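Biologist: I have a new model open and I'd like to learn how to read it. Could you walk me through it, feature by feature?

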Amino acid sequence: VLVIVVGIPQFQQGFEGYDARNSRASRVADGFSSAVDSARDYMSAGKDTDEVTGVTHEPLTQELAAYRTIFFFYSASGDIFSEANLKSAMNVLNAVNGVLSTDYCYKGVGDGESCAPPWTLMDVFKTDESAKLKDMMKKRDSVPGLAPMLKLFVGSEADFDKGTASWMQGHIRMGGPLPGYHNMSHDEGKQLKVYDAEFQVKGFLGPEPSKGGWVEQFDAIISREEKANADFKVYYGGKLFFPRIFGFVNIDIQYAVISLFLVAIFMWVQLGSVFLTCAGMFSVVMSFVLTLPTWKLLGNETFTFMQAMVVYIILGIGADNVFVFSDAWKQSRAQPRSVSGSLEMRFQWSWSRAMNAMSVTSLTTGCAFVLTSLADVPVISTFGTFAAMVVAWGYLLVITWFPACIVIHEKYVVQRKQGFMAARCCGCLFPICGNQWGLGTGEDVEVSSGKDDSGSNVDKLRGPERFFHSTWYSVLKRRPVRLGIIAVFTGMATVGIVLAGTKVQVTKRPTT
C-alpha cells in the first residue's frame, strides 16, 4: 500500500547526491550557479572596454555548456610531446570536434559561425611543433604565468628540465545556448534533453550510449588512432562518459538477480523449506522496496546508484536475520519440555532469544550507517541515510512477518503427517534438511532422548550445534587453549596494525 500510494523516487542521473540540499557541496553548487547567472547578465549587456589595455571585448553570445569533454593523452614511452604523439592528439581532438555540429560546439564570443578549436597547449601557445613545446617546458620558471598553465595541461609528473611528460590534457568545448534560446538557463531542462539525445538513451537504471551517437563515434575515433600509434593511449571524462559508466552499471546491477538467486538457494538448503525460503527472501526484498517510498516521503525525489547498491548489503544482513530466527526456532525443539512442550512456549522462547541478537546487530549496523549519513559528501551522506532505513525495515519485517510464517509452517506443514507435506509439497531437501524439522523419523517432536545437565535434548541438536555444544566447548574449557587462541589473534591484530601504519600511505599526488 505504501509503494502504491506514495510511489518510488526516480533514479538520479548526473552528479550523485546533489539533490540533498542540506549538504555543503550542494550549497557550493548553488553559489556557483548564482555567480554564473550574475556574470552572464554583466557580460551579455554590451561591449566592454578594458581601462588598462583599451581592448574592446564583444558582448557574450556563447557560453560553455556543461558537456565539456576532457581527453587525457598518455605516452607509454614517456614522451607525449613527440611529433607522432602530438599529431595523434590533434587528430583525435579535431575529429571529435568535427563530430559536433555548429549547434553544439563552442564558437567563442562575438558572432562566430564556426567551431572554436580544441583547448590545448598547442592552441594556447599557437604551435604544434614538438621542439617549441619542449622548449616552453624548460622555460616554465622564466616566463610569468607559464608554470601554472603547463602544470594544468601536463600534470605533476612532467620532467620540466628535460621538456618531457607522459600525460597531456585536451579539452573539447561545447557551447550554447541552442538556437531559439536566450542563454543556457533559458528552459535549461529542454536544452539539456536536446544535448542528451545526441549521445544517450534510457537504460535500466541510468543512461546508456545511443547507437551511432557521440560516445560511439568518439570511441571509434580513439580506437582508430590508438591502432595507428602503439605509443599513444587516450582516456576521456566528463558528462559524455556517464552513459559509458552506466552502460556497465546497468549490466552489473542485473547481477543482483543472480545474487538473489544464489542467496535463495543457500537459504533453501539452510531452512529446508521452499515456503520459508520465499518468506525470507520476501522480507529481504521488501525491506529495500519499502525504503523507496519512505525515502520519497522524506522529500527526496530521486535516489542514486550508490543507494541501489544497498541491495547487496541487505541481502547479507536480511539473510543473516532470517537464519538467526530460524535457528532459534529449531533449537527450541531441543529445549526442556517447559519450552518445547507447546507451540506458544516455543514461539515465546525463540522470539525473545532471536530478537535480542537481531536487535544488537541491526542497531550497531544502523548506527554505523547513520554516522555515515553525517558526511558532507552528498553521495556518501544519502547512501548512509538510505542504508540505515533499509536495515530498520529489514529488522521490522524479520521480527513480524517471518515469525508469523514460521508458525504457519510449523503448524500446517511440519506437524502434519510427520512432515509428509514438507517432504513432498514444500520442498524439504531430504535427507539433508529433513532432520532440521524433526521430519521423516515418525517420532513425535516432543519426545526426549539424551539430555544434558540443563535438560536440553542433545540428540535433537543439529551437527554444528552438537559440535559447539560438546566437542568445541570441552576443548575451550582448557586454560592453555583459551590463552593460545587469544595470543594468536592478538599477534595477528598487532601485525596488521603495524603493517597498516608503516606500509599503507595516503597518496599526496594530484590526479592529473
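Modeller: Sure, and keep in mind that this is a predicted model. Let's start with Phe-71. Leaving out residues up to four places away in sequence, Phe-71 touches Val-92, Leu-93, Val-96, Met-168, Gln-169, Gly-170, Ile-172, Phe-218, Ile-222, Val-234, Tyr-235 and Tyr-236.

Biologist: How do I read a contact list like that? Which residues touch the most other members of the largest nonpolar core?

Modeller: The general idea is that in soluble globular proteins, nonpolar side chains tend to be buried together. Here the largest nonpolar core has 43 residues, and those touching the most other members are Phe-71, Phe-73, Phe-81, Val-92, Val-154 and Trp-214. Two or more residues each come from E5, H3, helix H4 (121-124), helix H5 (130-138), helix H6 (146-154), strand E6 (167-172), helix H8 (214-228) and strand E10 (232-238). H3 contributes the most, six residues.

Biologist: And what does the second core include?

Modeller: That one is separate and has 41 residues, among them Val-284, Ala-319, Phe-386 and Val-390.

Biologist: Now salt bridges. How many are there?

Modeller: You look for a side-chain nitrogen of Lys or Arg within 4 Å of a carboxyl oxygen of Asp or Glu. By that rule, five salt bridges turn up. One of interest joins the side chains of Asp-79 and Lys-134, at 3.1 Å from N to O. Asp-79 sits in the loop between E5 and H3 while Lys-134 is in helix H5, so this pair ties together parts 55 residues apart in sequence.

Biologist: Is Asp-79 buried or exposed?

Modeller: Buried means under 20% relative accessible area, and Asp-79 has 19%, so it counts as buried. Besides Lys-134, Asp-79 touches Asn-85, Thr-164, Ala-165 and Asp-231, again not counting residues up to four places away in sequence.

Biologist: Which residue forms a salt bridge with Asp-123?

Modeller: Lys-126 does, with the closest N and O atoms 3.5 Å apart. Asp-123 is buried at 18% relative accessible area, whereas Lys-126 is exposed at 67%. There is also Glu-129 with Lys-132, whose closest N and O atoms are 3.9 Å apart. Glu-129 is partly exposed at 39%, and Lys-132 is partly exposed at 45%.

Biologist: Back to Lys-126. What is its phi?

Modeller: As background, most residues other than glycine have a negative phi. Lys-126 has a positive one, about 55°, although it is not a glycine. You'll find Lys-126 in the loop between H4 and H5.

Biologist: How do I check a helix? What should H15 span?

Modeller: Multiply 1.5 Å by one less than the number of residues. Helix H15 (residues 343-372) has 30 residues, so it should span 44 Å; its end C-alpha atoms are 42 Å apart, which agrees. The buried residues of H15 are Leu-343, Arg-346, Ser-350, Ala-354, Met-358, Ser-362, Gly-366 and Phe-369. Their cover includes helix H13 (310-332), helix H14 (337-340) and helix H16 (378-414).

Biologist: Last one: which residues make the nonpolar surface patch?

Modeller: Ile-251, Tyr-255, Ile-258, Phe-261, Leu-262, Ile-265, Val-269 and Tyr-312 make a patch of about 740 Å². Helix H10 (residues 255-271) provides the largest share of it, six residues. Take Leu-262, which lies in H10. Exposed means over 50% relative accessible area, and Leu-262 has 52%, so it counts as exposed.

Key:
Residues are numbered from 1 along each chain as its sequence is written. This is a predicted model: local features need pLDDT of at least 70, side-chain atom pairs count only at pLDDT 80 or more; totals for chains, interfaces and linings use all residues. Side-chain values use heavy atoms; hydrogens and water are left out. Patches are made of residues with over 30% relative accessible area and no salt bridge: like charges are joined within 9 Å, nonpolar side chains (Val, Leu, Ile, Met, Phe, Trp, Tyr) within 5 Å. Accessible areas come from the Shrake-Rupley method with a 1.4 Å probe; for residues, only the protein chains shown count as cover. Helices (H or I, at least four residues) and strands (E, at least two) are DSSP runs, numbered from the N terminus. Buried means under 20% relative accessible area, exposed over 50%, partly exposed in between (1.4 Å probe, protein chains only). Contact means heavy atoms within 4.5 Å. A nonpolar core is a set of buried Ala, Val, Leu, Ile, Met, Phe, Trp, Tyr and Cys residues joined through side-chain atoms within 4.5 Å.
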